[in-house]
Amino acid sequence: MSRLIRFERTGGPEVLQWVDCDVAPPAPGEAQVRHCAVGLNYIDVYHRSGLYPVPLPSGLGLEASGVVEAVGDGVVDLRPGDRVAYAGGALGAYAERRNIVADRLVRLPDALSFEQGAAMMLQGLTAQYLLRRTYRVQPGDAILIHAAAGGVGLLVCQWAKALGATVIGTVGSDEKAALAQLYGCDHPIVYTRERVSSRVRELTGGEGVAVVYDSIGKDTFLDSLACLRPMGMMVSFGNASGPVESFDPGLLGKMGSLFLTRPSLFAYSARREDLLAMAEELFTVVLSGQVKLPINQQFPLRDAAVAHRELEARRTTGSTVLIP
Ligand SMILES: NC(=O)c1ccc[n+]([C@@H]2O[C@H](COP(=O)([O-])OP(=O)(O)OC[C@H]3O[C@@H](n4cnc5c(N)ncnc54)[C@H](OP(=O)(O)O)[C@@H]3O)[C@@H](O)[C@H]2O)c1
């Protein structure tokens, strides 16, 4: 007998139920993992609320770390006892134990704890592809990251700084501004007080930034475009305030021949060789100390609803893990 979080209808955090279940032996190509820590991510809110529809009833969660307990036929590179972590596969990481396609698992280096593994995979691999592939940050670039004190935000600040960028970040409070600064954000902007695009122009001598990483969506999209230098790259990678409304692509021309992309970690890491290369680069910057993993909240897994309330109310900073 094992336990997991499940939801039968979409809605607020109250739809999350802590229920018993049986876990079948792993099917061919799968591994059974006993979770030691589970990652909390904003995409979990989109799945729970129905913004990203899923067949119901459903498990929740895309990220965890733990120990392999059994492997199905055809799995040759993993053995019971191996320490692993993942971001992706089918929903269902909010569980004490589960089966998952072995293709999604990466070995967790001994120097990293299970909590670190669960905190870093989804947000860290996202920081990796945003900074190294979607727009490859160059030394001297000025960049803008929204929600700079959040899970993805603090990792992007540190990594971009290590790459030699000038990091501008938006945050919702002075406390978050101080935290972002501690993690490499050169110029935090408290967006409740200042118009972001005006401040960005001031900070960049009128030029604008090379890239905006915008995970807020609806509330920030147009002003983010106004922060870019000519031919700059708008990376719209999330919708914490709601989905971006339709707009005329002619606007990109008028604002300086801008580029726009709407990337997803799951496309960037779909091929196993890409996943492994991304994870290796992430582990390298973390193990070298260039990127630290601020795990600022922990909750028992059974209290996932409480964690969701904190995340949606913008009361969390850095990463959050749920402990089975
Ligand atoms: N496309 C991808 O591959 C990918 C992968 C991972 C994450 N993401 C996206 O990246 C974003 C960050 O994810 P995360 O897990 O690290 O979360 P997070 O940044 O730790 O939390 C969300 C933060 O967004 C800010 N925010 C602004 N407007 C908000 C609103 N209306 N409601 C709630 N929060 C709002 C808040 O910070 P302030 O108080 O400073 O405003 C809040 O703390 C999410 O949008 C997520 O979907 C995308």
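**A tour of two helices, two cores and a sheet**

Select helix 2 (residues 114–134) and helix 9 (residues 272–287): in this predicted model, their axes come within 9 Å and cross at roughly 100°. Angles of 65 to 115 degrees count as roughly perpendicular, so helix 2 and helix 9 are roughly perpendicular to each other.

Now show the side chains where they meet. On helix 2, pick Met120, Met121, Gly124, Leu125, Gln128, Tyr129, Arg132 and Arg133. On helix 9, pick Asp274, Leu275, Met278, Ala279, Glu281, Leu282, Phe283 and Val286. Colour them by class: the contact has 10 nonpolar, two polar and four charged residues.

Next, select Leu125, Leu131, Ile143 and Tyr213. These have the most contacts inside the largest nonpolar core, which has 63 residues. Helix 2 gives the most to this core, with 11 residues. In soluble globular proteins, nonpolar side chains tend to be buried together.

Zoom in on Tyr213. Which residues does Tyr213 touch, leaving aside those up to four places away in sequence? They are Leu130, Leu131, Tyr135, Val137, Ile143, Leu144, Ile145, His146, Val235 and Phe237.

Move on to Phe7, Leu16, Val38 and Leu60. They are among the 28 residues of another core, which lies apart from the largest one.

Last stop: the sheet. Its three strands form an open sheet in the order 2-1-4, with antiparallel pairing. Strand 2 (17–21) and strand 4 (58–59) are the edges, each pairing on one side only. Select strand 1 (residues 2–7) beside strand 2: five bridges join this antiparallel pair. To see one bridge, pick Leu4 and its partner in strand 2, Val19.

Definitions and conventions:
Residues numbered from 1 in each chain as written. Predicted model: local features only at pLDDT ≥ 70, side-chain atom pairs only at ≥ 80, totals over all residues. Heavy atoms only, no water. Pairing = 2+ DSSP bridges. Helix = DSSP H or I, 4+ residues; strand = E, 2+ residues; numbered from the N terminus. Axes fitted to C-alpha atoms, helices over the stretch in contact; angles between N-to-C directions. Parallel < 35°, antiparallel > 145°, perpendicular 65-115°, else oblique. Contact = heavy atoms within 4.5 Å. Nonpolar A, V, L, I, M, F, W, Y, C, P; charged D, E, K, R; others polar. Core = buried A, V, L, I, M, F, W, Y, C linked by side-chain atoms within 4.5 Å. Buried < 20%, exposed > 50% of the residue type's maximum accessible area, 1.4 Å probe, protein only.
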